[in-house]
Amino acid sequence: MTDAPATTNGKRSIWLRGLLMMLMAMAFQISGTLLALGAIVQFVLALSDTPNTRLIAFGQSLGLYPSQIASFVSFATEEAPFPFSAWPSAR
């Protein structure tokens, strides 16, 4: 009887992880779109003057975010990415 709660907890946590994986897959798609939009804006800014330094830093941290998502959904890590942990910092 002591094994039943553990398997129930294990099943519950795997279903919760599955839900988080679905949410992270949507966040992955959104981050790709944001990165493309940021690249377009940065290109236009570079044509007229110089690239925006804040947009550079945001682009670097946004580039790290899909990597964190990929690590989570491939079971390489148990730490769920943003918004369940801190936003990745730019290098």
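Q: Contact means heavy atoms within 4.5 Å. Among contacts in the protein between residues at least 6 apart in sequence, what share joins residues at least 24 apart?
A: That share is 65%. By the way, what you're looking at is a predicted model.

Q: How confident is the predictor, going by pLDDT?
A: pLDDT runs from 0 to 100, and the protein averages 86. A score of at least 70 is reached by 86% of the residues. Residues 1-7 are another story: the pLDDT there is below 50, and this stretch has 0 contacts in the model beyond near neighbours in sequence. Where pLDDT is low, the predicted coordinates shouldn't be read in detail.

Q: What helices and strands does the protein have?
A: It has 2 helices and 0 strands. Helix α1 covers residues 3-48, while α2 covers 53-73 and is followed by a further segment.

Q: What share of the protein is buried?
A: Out of 91 residues, 20% are buried. The protein exposes about 6600 Å², and carbon and sulfur atoms supply 70% of that area.

Q: Why is Ser 31 called buried?
A: Buried means under 20% relative accessible area. Ser 31 has 2%, so it qualifies. This residue of helix α1 is in contact with Leu 62, Tyr 65 and Pro 66, leaving aside neighbours within four places in sequence. Take Tyr 65: Ser 31 is 34 residues from it in sequence, but 7.7 Å from it in space, C-alpha to C-alpha.

Q: And Gln 42, is it buried or exposed, and how do you know?
A: Its relative accessible area is 14%. The cut-off for buried is under 20%, so Gln 42 counts as buried. Gln 42 also lies in helix α1. Setting aside neighbours within four places in sequence, Gln 42 is in contact with Pro 51, Asn 52, Leu 55 and Ile 56.

Q: What makes a set of residues a nonpolar core, and which residues form the largest one?
A: The members must be buried, nonpolar types such as Leu or Phe, joined through side-chain atoms within 4.5 Å. The largest such core has 7 residues: Leu 20, Met 24, Ala 27, Tyr 65, Ile 69, Phe 72 and Ala 80. Two elements, α1 and α2, give two or more residues to this core. Ala 80 touches Phe 72, and Ser 85 as well, not counting residues up to four places away in sequence. In soluble globular proteins, nonpolar side chains tend to be buried together.

Q: Where on the surface do nonpolar residues gather in a patch?
A: There's a nonpolar surface patch of about 990 Å², made by Ile 30, Leu 34, Leu 37, Ile 40, Phe 43, Val 44, Leu 47, Phe 58, Phe 82 and Trp 87. Helix α1 gives the largest share, 7 residues.

Q: How do you know that Leu 37 can belong to a patch?
A: A patch residue needs over 30% relative accessible area. Leu 37, in helix α1, has 48%, so it clears that bar. Since exposed means over 50%, Leu 37 is labelled partly exposed.

Q: What makes Glu 78 and Arg 17 a salt bridge?
A: The rule asks for a Lys or Arg side-chain nitrogen within 4 Å of a carboxyl oxygen of Asp or Glu. These two side chains meet at 3.0 Å, N to O, and the count for the protein comes to 1 salt bridge. Glu 78 lies in the segment after α2 and Arg 17 in helix α1, so the pair ties together parts that are 61 residues apart in sequence. Their surroundings differ: Arg 17 is buried at 6%, whereas Glu 78 counts as exposed at 59%.

Q: What is notable about the backbone at Phe 75 and from Phe 82 to Pro 83?
A: Most residues other than glycine have a negative phi, and most peptide bonds are trans. Phe 75, however, has a positive phi, near 65°. The bond from Phe 82 to Pro 83 is cis, with omega near 15°. Phe 75 and Pro 83 are both in the segment after α2.

Q: Why is Phe 75 called partly exposed?
A: The label covers values between the 20% and 50% cut-offs. Phe 75 is at 45% relative accessibility, so partly exposed it is.

Key. Residues numbered from 1 in each chain as written. Predicted model: local features only at pLDDT ≥ 70, side-chain atom pairs only at ≥ 80, totals over all residues. Heavy atoms only, no water. Patch = residues over 30% accessible without salt bridge, like charges linked within 9 Å, V, L, I, M, F, W, Y side chains within 5 Å. Areas by Shrake-Rupley, 256 points an atom, 1.4 Å probe, with all protein chains shown as cover. Helix = DSSP H or I, 4+ residues; strand = E, 2+ residues; numbered from the N terminus. Buried < 20%, exposed > 50% of the residue type's maximum accessible area, 1.4 Å probe, protein only.
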